[in-house]
Protein chains: 2
Amino acid sequence: MTQWVYRFGNGSADGKAAMRDLLGGKGANLAEMSNLGLPVPPGFTISTDVCRYYYANSKSYPNDLKQQVAASIAGIEKVIGCGFGDAKNPLLVSVRSGAKDSMPGMMDTVLNLGLNDQTVQGLAETSQNPRFAFDSYRRFIQMYSNVVLNIDHHHFEEILEHHKHKNRYNLDTDLNAGDWQQIVEQYKAKVQQTLGKPFPQDPQEQLWNAIEAVFASWMNQRAIVYRQLHNISAEGGTAVNIQAMVFGNRGDDCATGVAFTRNPSTGAKELYGEFLINAQGEDVVAGIRTPQPMSRIAAEASKSKLPSMEEALPEVFEQFMTVATKLETHFRDMQDIEFTVQHRKLWMLQTRNGKRTTAAALKIAINLAEEGLISQEESVQRIAPASLDQLLHPSLDPKAKRDRLTKGLPASPGAASGLIVFDADAAADMAKKGQAVILCRAETSPEDIHGMHAAKGILTSRGGMTSHAAVVARGMGRPCVVGAQEIKIDVTAGTMTINGKVLRATDKITLDGATGEVFFGEVATIEPQLSGDFAKLMEWADRTRTLKVFTNAETPHDARVAKQFGAEGIGLCRTEHMFFHEERILAVRMMIFAREEAQRKAALALLLPMQRDDFAELFRIMGADPVMIRLLDPPLHEFLPPSDVELETVAKACAISVTEARNRAHELHEVNPMLGHRGCRLGITYPEIYTMQVRAIFEAQLKVQAETGKAVVPQIMVPLINGKPEMVLLETMIHDVAAAVRAEHNGAAFEYVIGTMIELPRAALRAGDIAPHADFFSFGTNDLTQTTMGLSRDDAANFLGQYQHKGLIESDPFVTLDIEGVGELLRIATERGRAVKPGLKIGICGEHGGDPASIQFCQDIGMDYVSCSPYRVPIARLAAAQAALKGGKAAAKGKKAA
Amino acid sequence: MTQWVYRFGNGSADGKAAMRDLLGGKGANLAEMSNLGLPVPPGFTISTDVCRYYYANSKSYPNDLKQQVAASIAGIEKVIGCGFGDAKNPLLVSVRSGAKDSMPGMMDTVLNLGLNDQTVQGLAETSQNPRFAFDSYRRFIQMYSNVVLNIDHHHFEEILEHHKHKNRYNLDTDLNAGDWQQIVEQYKAKVQQTLGKPFPQDPQEQLWNAIEAVFASWMNQRAIVYRQLHNISAEGGTAVNIQAMVFGNRGDDCATGVAFTRNPSTGAKELYGEFLINAQGEDVVAGIRTPQPMSRIAAEASKSKLPSMEEALPEVFEQFMTVATKLETHFRDMQDIEFTVQHRKLWMLQTRNGKRTTAAALKIAINLAEEGLISQEESVQRIAPASLDQLLHPSLDPKAKRDRLTKGLPASPGAASGLIVFDADAAADMAKKGQAVILCRAETSPEDIHGMHAAKGILTSRGGMTSHAAVVARGMGRPCVVGAQEIKIDVTAGTMTINGKVLRATDKITLDGATGEVFFGEVATIEPQLSGDFAKLMEWADRTRTLKVFTNAETPHDARVAKQFGAEGIGLCRTEHMFFHEERILAVRMMIFAREEAQRKAALALLLPMQRDDFAELFRIMGADPVMIRLLDPPLHEFLPPSDVELETVAKACAISVTEARNRAHELHEVNPMLGHRGCRLGITYPEIYTMQVRAIFEAQLKVQAETGKAVVPQIMVPLINGKPEMVLLETMIHDVAAAVRAEHNGAAFEYVIGTMIELPRAALRAGDIAPHADFFSFGTNDLTQTTMGLSRDDAANFLGQYQHKGLIESDPFVTLDIEGVGELLRIATERGRAVKPGLKIGICGEHGGDPASIQFCQDIGMDYVSCSPYRVPIARLAAAQAALKGGKAAAKGKKAA
């Protein structure tokens with residue numbers, strides 16, 4: 001006889017956690033809990049074999065299924081002491097679907113199955129609570145009618161609303177037993193009217209219809225589309241879980257509660273939970289009655305006037321503590337446990353790893369390792385790297401009151417309050433006077449950098465997670481909210497309107513960069529505490545990881561911050577950011593407006609000493625650590641004067657007419673600047689620009705070598721390479737500059753490394769041609785994502801939200817690497833590059849370099865390093881450690897030893 | 001003894017054409033001519049083995065080389081009857097480099113080697129022409145000093161200029177023997193002064209220095225960079241060719257000439273050439289003396305007063321005719337022959353396949369096949385497909401006078417004259433009045449289509465070969481010149497300035513779309529003649545090709561033109577082009593400005609009947625041939641009102657304020673529209689747009705099926721797909737619309753096909769996921785080139801010219817497919833798509849679909865069809881035939897039989 005049905009509960013089970021294929025995820029977990037000897041409400045799982053049989057045999061069941069189900073129901077009855085369909089003492093069950101993979105779109109749950117016009121009376125009597133019984137019955141009718149009989153739930157809601165309106169009730173709790181009884185009658189009438197036959201009264205019919213509904217839902221349209229989108233095979237099928245209902249609200253010897261095995265807020269090793277006598281699970285969270293603490297100590301600490309569970313139900317409490325300890329030891333983590341006590345009998349409804357604050361997560365992970373329950377490596381794997389962000393920035397005081405205005409995208413974490421300011425210059429001025437300001441703009445541009453730096457936080461109404469504002473703010477560690485579309489900024493009027501509320505420059509707002517929320521006025525914040533736990537975790541992480549972690553930085557301040565956070569070098573120094581300083585921008589503009597090489601060289605001569613000093617300072621800070629300097633990358637028009645006043649200044653400096661300057665500015669306009677005249681294309685068409693930058697690097701290097709007596713080895717990164725010819729030409733150019741500088745310095749010795757950014761699909765495909773001319777590849781995954789997916793990060797906000805909403809993408813590809821598309825190009829480039837140059841250094845310097853999921857991929861394809869903004873360095877260190885562990889201990893250690 | 005030296009001339013040779021590796025290209029060809037028994041001036045090739053030996057052995061030569069060279073020189077002396085270094089009767093030789101692959105950057109040529117102060121006297125005497133002797137000597141000194149001694153040629157030019165100025169000479173021909181003798185002395189003095197030693201007088205020293213210079217030039221910087229850029233191995237080495245000089249200017253029994261074996265202008269089978277008695281090759285083309293016809297018939301036809309060669313040198317003429325016939329038969333093509341007669345002895349200097357007009361090429365190819373000299377298939381291979389363009393459009397009368405203003409890019413072939421007009425509306429108005437106009441704009445936009453259609457030609461000052469103007473003009477068959485950067489258009493002033501010359505709307509200009517030239521005034525044109533040769537070639541081509549040729553067309557006119565040119569279907573119908581008609585654009589704008597779905601649907605309801613009629617007309621014209629319809633593709637802002645007047649009209653129609661309309665327009669602005677909210681992203685965020693289009697297709701289909709009683713099977717193409725989820729969603733949407741239309745038409749039967757454009761790198765990589773949901777892939781190589789290379793076709797003109805100039809790219813990747821990059825993605829997509837769906841139809845519909853080199857690649861990777869603009873259909877048919885032949889006869893025939 002084939003086993004179609006697997007029983008669980010009463011301290012044992014036919015199945016176990018490993019049998020997900022056969023029992024589905026839910027069934028396997030219920031079996032696991034039962035096997036631990038825990039008091040799980042008894043039940044059984046109809047296996048996925050039955051689902052496959054059902055579809056292979058014209059929607060019929062195996063002959064012996066009925067008999068196995070009946071036997072299992074009898075088993076439940078025996079444990080619970082009730083009868084399925086017994087009018088005096090009825091057994092109620094829940095019916096749930098449960099595939100191997102959790103799958104929205106399938107039938108979810110029917111509760112209280114087994115109720116009918118007779119059994120509801122029995123329930124009313126045994127529970128001594130007719131209101132509870134009829135409320136349960138009407139819920140069952142509504143749920144069953146909806147998911148089994150396909151009657152839309154709004155029909156039932158209308159009946160309820162009508163009844164409440166007629167009786168002037170506001171809340172469902174206003175209804176008494178008689179009200180629910182009347183509603184039950186109306187619900188049944190609605191079913192009769194809609195289907196032309198009565199609501200089924202036979203519990204067996206109810207049960208088998210529910211089972212059939214679960215199997216049918218496996219092939220409904222939503223489930224099929226979901227499987228197609230997520231590459232889940234239709235072969236797997238679903239299981240059906242049938243389980244006894246238990247109730248904590250059948251008398252004063254009943255209770256229900258929720259508890260954590262450790263404090264989820266602080267991580268302290270203490271039971272933390274609440275319970276209610278004679279209540280349902282939902283009452284604990286509904287806030288109608290005040291829940292009581294679990295333990296005597298907690299009750300004393302909170303000065304509770306009500307007895308703790310330890311006092312009210314001492315034997316059950318003792319049993320619960322045993323169970324809790326068992327669960328924590330078995331699952332080797334802090335547990336979040338739901339339980340019900342029915343007539344002094346403890347039932348475990350659910351246990352799962354408990355949610356916790358990042359601080360608690362840290363403490364628990366460290367403590368569990370120190371208690372010997374988990375290893376240090378497991379401890380490292382227990383913390384979600386991204387959550388560390390909470391510890392690195394000020395955050396809103398959870399106790400502070402707040403008046404929310406709107407919500408945008410959480411672009412850069414941390415909380416900040418300040419006066420509204422719409423202009424970067426004004427922001428800088430006010431900051432000089434010591435005022436805290438929040439820079440509010442439709443979007444930001446490189447022109448605004450000084451204002452962004454001066455502001456406590458940045459808010460934009462447009463743009464996505466990798467818009468200019470977002471990227472720069474993360475780099476600076478400024479809290480930032482972007483794409484808050486409800487905000488309309490009117491700069492000329494000096495107002496900002498949010499859903500009709502008009503704010504002016506005298507108003508204060510507060511940003512929560514971790515959630516994207518914007519609040520009116522000032523909300524109190526709390527400062528970060530980099531506790532001993534944090535330092536210990538980082539130490540354990542560094543011991544494990546094989547990827548190096550560099551930072552994206554160009555200012556001395558950022559370089560120092562990143563070093564404190566553990567950065568092992570600069571992976572990306574964006575030289576163009578150095579061009580926006582007030583005292584430089586005019587020379588930059590003179591360079592752009594020059595029509596002749598001679599004029600351009602004159603302007604570049606002004607910039608040379610400034611760039612040299614920039615590089616020298618970075619070399620001093622970073623010492624022997626690598627500094628990877630990218631040559632000028634963005635299209636020149638990014639440096640154009642934004643106003644007529646500035647245009648006139650430039651015209652004057654260049655000795656040309658304003659009209660000519662305007663014409664030149666117009667010439668520089670591009671339809672698609674991202675795909676335009678930028679990157680190495682500038683270095684090729686205006687060789688004097690790159691020549692100046694390379695010269696500045698070498699001269700700075702010689703200067704710092706002379707100062708310190710130690711070798712500096714800069715790494716020069718050529719952006720936007722499309723193939724070998726460009727690389728050959730620029731490699732030659734760099735060597736020529738080196739030869740010239742060497743000659744000018746009496747043949748002084750200096751070393752340097754030349755590499756390139758791989759940020760175009762073509763470069764990835766031609767990596768084998770490029771590698772002989774590059775000592776490193778740095779994946780510019782921001783641009784590579786834009787080109788591979790044909791997706792402008794400045795414009796994608798218009799539709800990416802809908803794409804996520806419709807399930808077309810799992811996550812923003814500018815935040816987490818699109819592994820299937822962009823990732824394949826990374827893999828191709830890595831393979832082809834290393835095939836011709838095995839020692840080729842490979843890393844990533846796009847925004848993804850600080851994203852844990854992307855870091856895992858970097859580890860998987862064998863990169864050498866990741867580079868990210870300073871404030872993400874700790875996250876990257878932890879993520880790299882986890883990636884190494886996931887890649888297999890052997891691999892990680894093997895590489896470390898090599 | 002190793003053979004280092006290979007002799008040729010005097011009717012035989014040691015080498016042959018197949019020995020390019022050893023003898024280089026030049027040496028191998030000289031050997032081939034000799035083997036044919038032709039009178040080639042004798043000489044020898046020092047093999048590439050010597051070059052390899054030279055570099056492998058510290059720049060020394062094999063021991064026995066000297067002896068072999070000496071013996072070879074003696075061989076030449078014997079044939080020519082002169083002595084190398086013989087003061088009385090000197091032998092002069094040329095020394096040339098010659099690698100396997102032609103390679104700029106290496107030493108080219110030294111002529112007249114063997115002259116010195118003694119032998120020049122001997123030459124003067126034997127030639128009885130001291131002026132010739134000393135002119136030859138000074139040329140030798142200059143050439144030798146430059147390429148062997150590294151003395152810059154400007155030194156010598158200054159001496160010559162100074163001498164001419166002093167003597168008030170204008171032309172070199174004003175100098176007599178004495179002058180040249182003086183200059184020789186000054187040249188020698190300059191060498192002495194520069195090197196501190198005299199110009200070498202020993203012919204042996206001259207010879208060996210020249211040989212060494214050739215070998216040394218293999219490793220000079222320019223040659224190394226050239227090889228790196230073109231992936232040529234440095235291993236190959238170069239050969240050295242040494243050949244006797246012969247002279248046609250040593251008396252009246254000497255002559256020189258150039259002849260074609262057939263008429264290169266008409267293709268007629270008649271000798272066509274010119275010669276001069278007692279002259280040098282360069283005299284024939286210099287225009288100082290009038291050359292004489294070769295044959296008596298030609299002399300009579302041209303009423304020449306001078307005797308033909310047939311009359312003047314009858315025996316030599318007879319010999320020449322024998323050689324010419326032999327050459328044509330051997331090389332199986334019309335030959336362009338250079339020859340010299342020295343003392344009644346005929347010397348063949350060079351033969352090559354002769355250049356010819358396209359009309360001549362057609363006639364010659366057809367005639368050679370009909371004469372049995374080549375096969376029909378070879379005949380098909382003889383015509384450069386792109387050259388057919390000349391036959392399909394009017395062209396400038398070669399005899400007409402012209403006043404050139406400037407030159408831009410030749411964007412669309414044909415010639416046209418007309419009045420300058422700067423505005424599309426004005427162009428349309430004037431055209432209605434019967435005036436010929438040329439639309440001149442900085443760049444064009446979809447708004448200008450009616451003006452472009454009304455104009456005889458289009459001229460823009462910006463944009464590249466695939467700019468909007470270029471693409472649309474090619475589609476319409478209008479001559480077009482784009483990117484004429486010297487033109488400054490001032491629309492408000494109504495002027496166009498070209499290099500200081502100001503043109504107004506009363507001025508006429510003429511465009512030559514085949515060359516990119518712009519002329520002042522009207523230049524006469526000649527009409528195309530699609531002769532019988534053309535039709536015959538097309539017939540032969542169609543018999544051979546396996547690729548189908550479709551067209552890109554959306555108007556009935558274009559569809560009909562393309563059908564006449566042989567298109568077998570519509571491969572790309574761009575539905576958005578149908579949106580710009582005057583009577584539709586308002587409804588389109590109402591759709592865009594709608595903020596609610598209901599408003600948008602109302603606007604779409606206006607468009608539905610128009611689109612339905614469009615599609616119905618195309619279905620009627622194309623009959624059973626496929627029609628592939630692409631759903632809306634461009635970003636919505638392309639349809640925005642360009643002026644305030646139009647904005648107000650739209651605001652009124654939408655019942656919104658002008659301010660709100662402006663805000664909405666602003667919202668639609670994108671930073672990088674190419675990577676923005678467009679393609680299927682529109683269909684996903686505004687499903688009602690695609691729903692309307694798909695419904696219009698099905699309704700049109702049912703209508704035409706009802707009219708004709710024959711099935712129509714439209715092919716619906718979804719643009720800008722990034723992966724499977726989008727495709728699944730839109731596939732479902734299309735099926736849903738089909739079901740709705742079917743239900744509305746009483747279950748009427750209709751078929752349709754769904755496919756997608758592969759135009760993003762990600763789509764190419766994920767082709768295996770997409771193919772199960774698509775019946776065809778259409779490669780949108782315009783966009784795929786933009787994204788793969790990160791290159792905006794609207795902006796690339798700023799630097800692509802320099803890239804080509806610097807040898808970084810071979811051709812404009814928007815004209816000829818970038819096979820290494822974009823091509824690899826095409827290959828990947830084809831392999832992955834066919835791996836899961838072997839019958840997947842695959843084609844190309846970008847601009848490359850009409851480019852012969854790209855068509856070859858399409859054939860190579862196994863595509864099913866190419867689609868191109870109507871006027872390129874004949875080119876594509878021929879190119880496809882050639883591609884099939886190149887792919888191997890067996891493959892081509894095998895596929896046809898299947």
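This note goes through the confidence, the symmetry, the interface and the salt bridges of a predicted model.

1. Conventions. Residues are numbered from 1 along each chain as its sequence is written, while chains are lettered from A in the order in which they are written. The model is predicted, so that local features need pLDDT of at least 70 and side-chain atom pairs count only at pLDDT 80 or more, whereas totals for chains, interfaces and linings use all residues, and side-chain values use heavy atoms, with hydrogens and water left out.

2. Confidence. Chain A has an average pLDDT (the predictor's confidence in each residue, from 0 to 100) of 90, and 97% of the residues score at least 70. Over residues 889-898 of chain A pLDDT stays under 50, and the model has 12 contacts (heavy atoms within 4.5 Å) for this stretch beyond four places in sequence. Where pLDDT is low, the predicted coordinates should not be read in detail. The scores of the model are ipTM 0.74 and pTM 0.75.

3. Symmetry. A turn of 180° with a shift of 0.0 Å along the axis lays chain A on chain B with an RMSD of 0.2 Å, the superposition being by least squares on the C-alpha atoms of residues with pLDDT of at least 70 in both copies. The two copies are therefore related as by a two-fold rotation axis. The same surface serves both copies, since 100% of the contact residues of chain A recur in chain B.

4. Extent of the interface. The contact draws on 54 residues of chain A and 55 residues of chain B. Between the two chains about 5,200 Å² is buried, with carbon and sulfur atoms giving 52%; this is the accessible area (1.4 Å probe) lost on putting the two parts together, summed over both.

5. Salt bridges. Across the interface of chain A and chain B there are 8 salt bridges, a salt bridge being a side-chain nitrogen of Lys or Arg within 4 Å of a carboxyl oxygen of Asp or Glu. Among them, Glu820(B) pairs with Arg766(A), with the closest N and O atoms 3.6 Å apart. The whole structure holds 101 salt bridges over all chains, including that of Lys188(A) with Glu185(A) at 3.5 Å, N to O. Lys188(A) and Glu185(A) lie 3 residues apart, about one turn, in helix H7 (residues 177-195) of chain A, helices being DSSP runs (H or I, at least four residues) numbered from the N terminus.

Definitions and conventions: Helix = DSSP H or I, 4+ residues; strand = E, 2+ residues; numbered from the N terminus.
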